[in-house]
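Me: I am new to this structure and would like to go through how its parts are described. Please give the reasoning behind each term.

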Amino acid sequence: MKLLIELPTWLGDTVMTSPAIESLVSHFNDVKITLIGSSLAVQVLKNHPKVVNTYILDKTNISLFRVLKNLTGFDVFISFRGSLRSKYLKLFISAKRKFQFDKKKYHRGHQVEKYNNFINDSFNIKSLPGKLVLNNFKKNINKKNKVLGINAGASFGDAKRWHPKEFANVASALSNNYDILIFGSNQEWDIANDIEKNLIEMRVTNYLNLATNTSISELIIQISNLDLFITGDTGPMHIAAAFNIPTVAVFGPTNSNETSPWGNEKSIIVKKDLECQPCMQRTCPLGHHNCMKLIKAPEVLRAIALIN
């Protein structure tokens, strides 16, 4: 069975497809998977033992046309994206059967369940979604100290970001027991640097700012070795869930019922449950951002105490 899978664009969504992909692998014999998607998405799942080939798609039409020339002779094409561009891709892909995720049809439940239901419906199977799976990322068993990870950014938009000083307050309170790693993408270096500046003012020295300095593979390895993770509703939160890392996730405008850390029994969500939540907006439509502003470091520290 030659299977072509188009992955979601976002890091967290890609991780959340992994139970659905495992359902496919369990259902079909001798599956050979080719992955297509953004560089970020492909790096996340390229180590799956059933993956035999990968192709990177950037945002240009030239990239799409170049890749299409190589995508022939598949038994099944599955797209976890519902975009117009993916519909175009589906039209020209050479495959006997083709399926595309429709977010209007799958709008209830956790995102992991939505993706898994899409696969169940497409192939008339009844699998339950399992745990998040990231393959062949080796954990470091020779750590000297416990490590706290902080991920303050959020690609979705500023509304999902907790204040850098509050992250720093949590890190400072825990710095006697944990070394600290600060994570962030190229678009998140500013908030990571703000956390670092606050730590310097608090005279915390046992930290390392890794923002912009890790590949996706390196990020996954670093997160897999954490003893504790403090984050917003971010892609790295789902990486931590795949490794069952103790996690406190600060939620604001997004729906925790849809994107909570799937299967992570060592996770706690901190949120305010305001009337305006979840608004699902990139910036606060009311202008006050209270869903994040009202959450303070002591509340997160109390949550940490419950999972340690």
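Me: Where does R203 lie?

Reply: This is a predicted model. In it, R203 lies in the loop between helix 8 and strand 8. Its phi is near 65°, which is a positive value in a residue other than glycine.

Me: Which peptide bond is cis?

Reply: The bond from Q277 to P278 is cis, and its omega is near -10°. P278 belongs to the loop that lies between strand 11 and helix 12 (290–293).

Me: Why are helix 7 and helix 8 called oblique to each other?

Reply: The axes of helix 7 (residues 164–174) and helix 8 cross at roughly 50° and come within 8 Å. Angles under 35 degrees count as roughly parallel and 65 to 115 as roughly perpendicular, while the rest, apart from those over 145, are oblique. Helix 7 and helix 8 are therefore oblique. Their crossing is right-handed.

Me: What makes the contact of helix 7 with helix 8, by class?

Reply: Helix 7 brings P164, K165, F167, A168, A171 and S172, and helix 8 brings I191, D194, I195, N198 and L199. By class, the contact has seven nonpolar, two polar and two charged residues.

Me: What makes helix 9 oblique to helix 10?

Reply: The axes of helix 9 (residues 216–224) and helix 10 (residues 235–242) cross at roughly 55° and come within 9 Å. That angle makes helix 9 oblique to helix 10. The crossing of helix 9 and helix 10 is right-handed. L219, I220 and I223 of helix 9 meet P236, I239 and A240 of helix 10. The residues of this contact divide into six nonpolar, no polar and no charged.

Me: Which are the edge strands of the sheet with the order 8-7-6-9-10-11?

Reply: Six strands form this open sheet, and the pairing is parallel. Strand 8 (207–209) and strand 11 (267–270) are the edge strands, as each pairs on one side only. Neighbouring strands of the sheet are turned by 15° against each other on average, direction ignored.

Me: How do you know that strand 6 and strand 7 pair?

Reply: Two strands pair if there are at least two bridges between them. Strand 6 (residues 147–151) and strand 7 (residues 179–183) have five bridges, in the parallel sense. N151 stands opposite F183 in strand 7. Helix 8 (residues 189–201) packs on the sheet, where it touches strand 6, strand 7 and strand 8, and its direction makes about 155° with that of strand 8.

Me: Which are the edge strands of the sheet with the order 3-2-1-4-5?

Reply: This open sheet is formed by five strands with parallel pairing. Its edge strands are strand 3 and strand 5 (95–100), each pairing on one side only.

Me: How do you know that strand 2 pairs with strand 3?

Reply: At least two bridges are needed. Strand 2 (residues 32–37) and strand 3 (residues 51–56) run parallel and are joined by five bridges. I33 stands opposite V51 in strand 3. Strand 2, helix 3 (residues 39–45) and strand 3 make a right-handed β-α-β unit.

Me: Over how many bridges do strand 4 and strand 5 pair?

Reply: Strand 4 (residues 74–79) and strand 5 pair over five bridges, in the parallel sense. The bridge partner of V76 in strand 5 is R97.

Definitions and conventions. Residues numbered from 1 in each chain as written. Predicted model: local features only at pLDDT ≥ 70, side-chain atom pairs only at ≥ 80, totals over all residues. Heavy atoms only, no water. Axes fitted to C-alpha atoms, helices over the stretch in contact; angles between N-to-C directions. Helix = DSSP H or I, 4+ residues; strand = E, 2+ residues; numbered from the N terminus. Left-handed = near helix turned anticlockwise from the far one by under 90°. Contact = heavy atoms within 4.5 Å. Nonpolar A, V, L, I, M, F, W, Y, C, P; charged D, E, K, R; others polar. Right-handed = clockwise from strand over helix to strand, strands pointing away.
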